[in-house]
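Trainee: Could you take a close look at one part of this chain with me, and then follow it outwards into whatever surrounds it? I would like one connected account rather than a list.

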Amino acid sequence: METTLSLIGDKWKVLILRDLLPGTKRFGELKKSIGSVSQKVLTAQLRDMEASGLVDRKVYAEVPPRVEYSLTPLGRSLKPILDAMWDWGEGYKESLNR
C-alpha cells in the first residue's frame with residue numbers, strides 16, 4: 001500500500017490518471033479537464049509520473065512544439081484501483097443521501 005500511495009497518493013496524480021485512462025491528451029486538455037491545478041503543479045506532477053514510469057510524454061518537432069501525454073502499460077494497470085476508488089466514492093455519496 002505504501003508503494004502505491006507514494007506513486008499516486010496525490011490528489012492531482014489521481015485526477016491525471018483518471019483523465020488519461022480514455023487516451024492521449026495534450027497539456028492544455030489535461031489542465032482544462034482537471035480544473036483548478038496550476039500549470040507549475042501540473043508540470044511537476046506529470047514529470048514525476050513520467051519518472052515513475054506511469055506516464056509517457058511525446059514531443060513533436062513542430063512550431064509551436066506539441067506535447068502529448070498518455071499512460072504507459074504500468075499506468076494503465078492502475079485502472080482497477082481507480083475503479084474501486086470511484087465505486088467507493090459513489091457508495092459513500094449515496095450513504096449520505098439516505
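Mentor: Happy to! In this predicted model, helix 3 is followed by glycine 35, a residue with a positive phi, near 105°. Let's step back from that glycine into the helix itself, which covers residues 27–34. Three of its residues, Phe27, Leu30 and Ile34, are buried. Viewed along the axis of helix 3, the buried residues stay within an arc of 65°, so they line one face of the helix. The spacing is worth keeping in mind: an α-helix has 3.6 residues a turn, so residues three or four places apart point the same way. As for what that face meets, the buried residues of helix 3 pack against helix 2, strand 1, helix 4 and strand 3. Those four neighbours give us our route.

Start with the two helices. Helix 2 and helix 4 pack with their axes 10 Å apart, at an angle of about 75°. Angles of 65 to 115 degrees count as roughly perpendicular, and helix 2 and helix 4 are therefore roughly perpendicular to each other. On the helix 2 side, the contact is made by Trp12, Lys13, Ile16 and Leu17; helix 4 brings Val41, Leu42, Gln45, Leu46, Asp48 and Met49.

One of these residues deserves a pause. Lysine 13, in helix 2, has a relative accessibility of 6%. Since the cut-off for buried is under 20%, lysine 13 counts as buried. Leaving aside neighbours within four places in sequence, lysine 13 is in contact with Ser6, Leu7 and Ile8, and also with Gln45, Asp48 and Met49. Lysine 13 also lies 11 Å from glycine 75, C-alpha to C-alpha, although 62 residues separate them in sequence.

Now for the strands. Three of them form an open, antiparallel sheet in the order 1-3-2. Strand 1 (25–26) and strand 2 (55–60) are at the edges with a single partner strand each, so one side of each has no neighbour in the sheet. Strand 3 spans residues 66–71 and pairs with strand 1 in the antiparallel sense over two bridges; in one of the pairings, arginine 26 has glutamate 68 of strand 3 as its bridge partner. Between strand 2 and strand 3 runs a loop that holds proline 64, and the peptide bond leading into that proline from valine 63 is cis, with omega near -5°.

Strand 3 also holds serine 70, which is buried, with a relative accessible area of 18%. Not counting residues up to four places away in sequence, serine 70 touches Leu20, Thr24, Leu54, Val55 and Asp56. Follow Val55 from there: among the contacts of valine 55 beyond four places in sequence are Leu20, Leu46, Met49, Tyr69 and Leu71.

That brings us to the core. The largest nonpolar core has 21 residues, and Leu42, Leu46, Val55 and Tyr69 touch the most other members. Helix 2 (11–20), helix 3, helix 4 (39–51) and strand 3 are the elements that give two or more residues to this core. Helix 2 gives the most, with six residues. So ends our walk, back where it began: helix 3, with its buried Phe27, Leu30 and Ile34, is one of the elements giving two or more residues to this core.

Key: Residues numbered from 1 in each chain as written. Predicted model: local features only at pLDDT ≥ 70, side-chain atom pairs only at ≥ 80, totals over all residues. Heavy atoms only, no water. Pairing = 2+ DSSP bridges. Helix = DSSP H or I, 4+ residues; strand = E, 2+ residues; numbered from the N terminus. Core = buried A, V, L, I, M, F, W, Y, C linked by side-chain atoms within 4.5 Å. Buried < 20%, exposed > 50% of the residue type's maximum accessible area, 1.4 Å probe, protein only. Contact = heavy atoms within 4.5 Å. Arc of directions from axis to C-beta. Axes fitted to C-alpha atoms, helices over the stretch in contact; angles between N-to-C directions. Parallel < 35°, antiparallel > 145°, perpendicular 65-115°, else oblique.
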